[in-house]
Amino acid sequence: MTASTRDTSATLGRVAVFAALIIVLGTVVVPLPGGVPITGQTLGVMLAGLVLGPRVAPWSIAVVLALAAVGLPVLAGGRGGLGVFVGPTVGYMIGWIVGVVVIGLLLRTGRFTWWRTALAALVGGVLVVYAFGIPMQALVTGVPLDLTALSSLAFLPGDLIKVTAATLVVVALRRAYPRAFADSRPAAAPAVASA
């Protein structure tokens, strides 16, 4: 087996693991009025962006959405089918794709730290997802944008808990098993200065 084949297999394995994690976390659901529940699924999205990075993480989201499109009950509350792509949560699902890219880019803009991890999860996993989700929810439900945004504040405490949980998990994982990260490569050998 060549190195390229091993790399591809490892990447596909990571994509599958995080798609499965996102699906499993979708079974944790707290229903709210307005049709968009608080779920553990967004924690899986944050973890995918933090661990897999901006190039690989969107593929995990794409797998989940493709499985939902063919009717498998992989979204929060056991939902699936093409109907979810015209429902009030469609903007949030689009936001997942953009969000994991933003998360991955923010985390990799400098040295790995706990605060950079938390910032990436907050910006990409909450703000970006809301930026897509709230307008689409308002459009689909016919509720004015300002009222939809106001009602979305109910999600904020749960999302901040998920940001904290994602940060703790990723910091511990980075210390215990850095090879789990899609960007893990052996450090380059230092250049030897010649006289």
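Visitor: Hi! Quick one to start: is Thr-42 buried or exposed?
Guide: Thr-42 counts as buried because its relative accessible area is 15%, and buried means under 20%, exposed over 50% and partly exposed in between, using a 1.4 Å probe and protein chains only. This is a predicted model, where local features need pLDDT of at least 70, side-chain atom pairs count only at pLDDT 80 or more, and totals for chains, interfaces and linings use all residues. Residues are numbered from 1 along each chain as its sequence is written, and side-chain values use heavy atoms, with hydrogens and water left out.

Visitor: Which helix is Thr-42 found in?
Guide: Thr-42 sits in helix α2. Helices (H or I, at least four residues) and strands (E, at least two) are DSSP runs, numbered from the N terminus.

Visitor: And what does Thr-42 touch?
Guide: Leaving out residues up to four places away in sequence, Thr-42 touches Trp-96, Asp-159 and Lys-162. Contact here means heavy atoms within 4.5 Å.

Visitor: What does Lys-162 form with Asp-159?
Guide: Lys-162 forms a salt bridge with Asp-159, and their closest N and O atoms are 3.2 Å apart. The criterion is a side-chain nitrogen of Lys or Arg within 4 Å of a carboxyl oxygen of Asp or Glu.

Visitor: Where do Lys-162 and Asp-159 lie?
Guide: Both lie in helix α6, three residues apart, which is about one turn of the helix. Lys-162 and Asp-159 are both buried as well.

Visitor: How many salt bridges does the structure hold?
Guide: The structure holds one.

Visitor: Let's try another threonine. What does Thr-39 touch?
Guide: Lys-162 turns up again: Thr-39 touches Val-28, Val-29, Ala-76 and Lys-162, not counting residues up to four places away in sequence. Thr-39 lies in strand β2, residues 38–39, and is buried because its relative accessible area is 9%.

Visitor: How far apart are the C-alpha atoms of Thr-39 and Val-29?
Guide: They are separated by 4.5 Å, with the two residues ten positions apart along the chain. The side chain of Thr-39 also reaches the backbone nitrogen of Gln-41 at 3.1 Å. That fits the polar contact rule: a pair of N or O atoms within 3.5 Å; within protein, one must be able to donate a hydrogen and the other to accept it, and residues adjacent in sequence count only if both atoms are side-chain atoms.

Visitor: Zooming out, how many helices and strands are there?
Guide: The protein chain has six helices and two strands, running α-β-β-α-α-α-α-α from the N terminus on. Of its 195 residues, 40% are buried. Among contacts with a separation of 6 or more, 66% join residues 24 or more positions apart.

Visitor: Which residues touch the most other members of the largest nonpolar core?
Guide: Met-46, Leu-50, Ile-61, Leu-75, Met-93 and Trp-96 do, in a core of 42 residues. The elements giving two or more residues to this core are α1 (3–25), α2 (41–69), α3, α4 (114–141) and α6 (156–176). Helix α2 supplies the largest share, 14 residues. A nonpolar core is a set of buried Ala, Val, Leu, Ile, Met, Phe, Trp, Tyr and Cys residues joined through side-chain atoms within 4.5 Å. In soluble globular proteins, nonpolar side chains tend to be buried together.

Visitor: What does Met-93 touch?
Guide: Met-93 touches Leu-65, Leu-75, Val-84 and Phe-85, again not counting residues up to four places away in sequence.

Visitor: Over to the surface. Which residues make the nonpolar surface patch of about 270 Å²?
Guide: Ile-94, Ile-97, Val-98 and Phe-132 make that patch. Patches are made of residues with over 30% relative accessible area and no salt bridge, joining like charges within 9 Å and nonpolar side chains (Val, Leu, Ile, Met, Phe, Trp, Tyr) within 5 Å. Accessible areas come from the Shrake-Rupley method with a 1.4 Å probe, and for residues only the protein chains shown count as cover. Helix α3 (residues 90–107) gives the largest share of the patch, three residues.

Visitor: Why does Ile-94 count as partly exposed?
Guide: Because its relative accessibility is 37%.

Visitor: Last one: where does Trp-115 lie?
Guide: Trp-115 lies in helix α4, and its side chain makes a polar contact with that of Thr-113 at 3.2 Å. The C-alpha atoms of Trp-115 and Thr-167 are 8.2 Å apart, with their positions 52 residues apart along the chain.
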